[in-house]
Amino acid sequence: MTNELANCLIEDIVFAAADEVFSSMLASQIALADAPVERDGLPYDGVLSVVGMTGKWVGSGFLICSGPTAALLASRFLMTEMSSVGDEVLDAIGEITNMIVGSVKNGLEERLGAMQLSVPTVVYGKNIRAHLMKSQLRSIIACRGDDWEIVLRICLTKA
Amino acid sequence: MESIDLLIVDDSAAIRKILQRVLLQTELPLGTVFEAADGSQGLDLLKQHRVDAILSDINMPNMDGVEFLKSVREIPEYRSTPFIMITTEGSQARVKEVADLGATSYVRKPFTTDQLRDKLTSLLKS
């Protein structure tokens, strides 16, 4: 399987995982947004949530969004109004990332072998810039809800 | 029916909050619902309080859910206590592993409130 074909399959798996999490636990419908590749690597203000993946393939899964989006998603997840980003919001975003990357892992294991996940790490601040090392398999998608957008990316390389 | 005391073990405060909410929706006669952020804290709690059922994640720091399950099943009074894994882990191998170690049931995250409520009601009522 070529890397290009594999990356397309990973995109499908990532979107399906996000769709399942958002529809079941946040009662929200999502759709694919415009490709965020041109924004990739640029600094932004907001939240970066990471879950590590390890096994025969190693890498990470990321969720990127703005602060207001993080508060909105946490509000829906917890069914409690969250007006600003604090520990509860960051924890909720970490868990949302954990579930999405967990579903992606389950979808990839048939082809890539067993993998384990780290616990989530969530960063919140200004001028965040994520620099990712080279990876053999990667997927970057943007998902939008009614008035919010997130970016999801998976980067994997053979161990 | 006597009240049911439970222990929720998950490193995510968000999930612990959601599980508390779902448990209230089961209309089971809930007593005290204890919380722990990892298996080690869970074991400490079990030394001080008797519970009737345990809900646990797998992927946690300090002591993960598999080690926690093994330790719980070594405690005589908890050999057959309902132990429900609630986790993102979805491989058949992992499901079988925890079942062989004595987990009563397995719920995969993500879940809908209805799915989890119905499952917990069915397991805990019996």
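How many bridges pair E2(A) with strand E3 of chain A, and in which sense do the two run? Seven, and the sense is antiparallel. What you're looking at is a predicted model, so here's a quick tour of the strands in chains A and B, the confidence in chain A, and the place where the two chains touch.

**Chain A: who pairs with E2**

- E2(A) covers residues 44-55, and strand E5 of chain A covers residues 121-128.
- Those two run antiparallel and are held in register by six bridges; to find the pairing on screen, look for A:Val47 sitting opposite A:Tyr124.
- E3(A) takes in residues 57-65, and a hairpin of one residue links E2(A) to E3(A).
- In that E2(A)-E3(A) pairing, A:Gly52 faces A:Ser60.
- E2(A) also pairs with strand E4 (residues 115-117) of chain A, again antiparallel, over three bridges.
- Here A:Gly55 is the residue standing opposite A:Met115 in E4(A).

**Chain B: a parallel sheet**

- Chain B has an open sheet of five strands, paired in parallel, and the order across it is E2-E1-E3-E4-E5.
- The edges belong to strand E2 (30-36) and strand E5 (105-108) of chain B; each has a single partner strand, so one side of each has no neighbour in the sheet.
- On average, neighbouring strands in this sheet are turned by 20° against each other, ignoring direction.
- Strand E1 of chain B, residues 4-9, runs parallel to E2(B), with five bridges between them.
- A handy landmark for that pair is B:Leu6, which stands opposite B:Val33 in E2(B).

**How confident is the predictor about chain A?**

- The mean pLDDT of chain A is 90, with 93% of its residues at 70 or more.
- Confidence in chain A bottoms out in helix H1 (residues 3-25), where the mean is 87.
- Helix H2 (residues 67-78) of chain A is where confidence is highest, at 96.
- As a general reminder, coordinates should not be read in detail where pLDDT is low.

**Where A meets B**

- The contact draws on 19 residues from chain A and 16 residues from chain B.
- On the chain A side, H1, H2 and helix H3 (87-112) each chip in with at least two residues.
- H3(A) gives the largest share of that side, 11 residues.
- By character, the chain A side splits into eight nonpolar, six polar and five charged residues.

Note on methods: Residues numbered from 1 in each chain as written. Chains lettered and ligands numbered in written order. Predicted model: local features only at pLDDT ≥ 70, side-chain atom pairs only at ≥ 80, totals over all residues. Pairing = 2+ DSSP bridges. Helix = DSSP H or I, 4+ residues; strand = E, 2+ residues; numbered from the N terminus. Axes fitted to C-alpha atoms, helices over the stretch in contact; angles between N-to-C directions. pLDDT = per-residue confidence, 0-100. Contact = placed C-beta atoms within 7 Å. Nonpolar A, V, L, I, M, F, W, Y, C, P; charged D, E, K, R; others polar.
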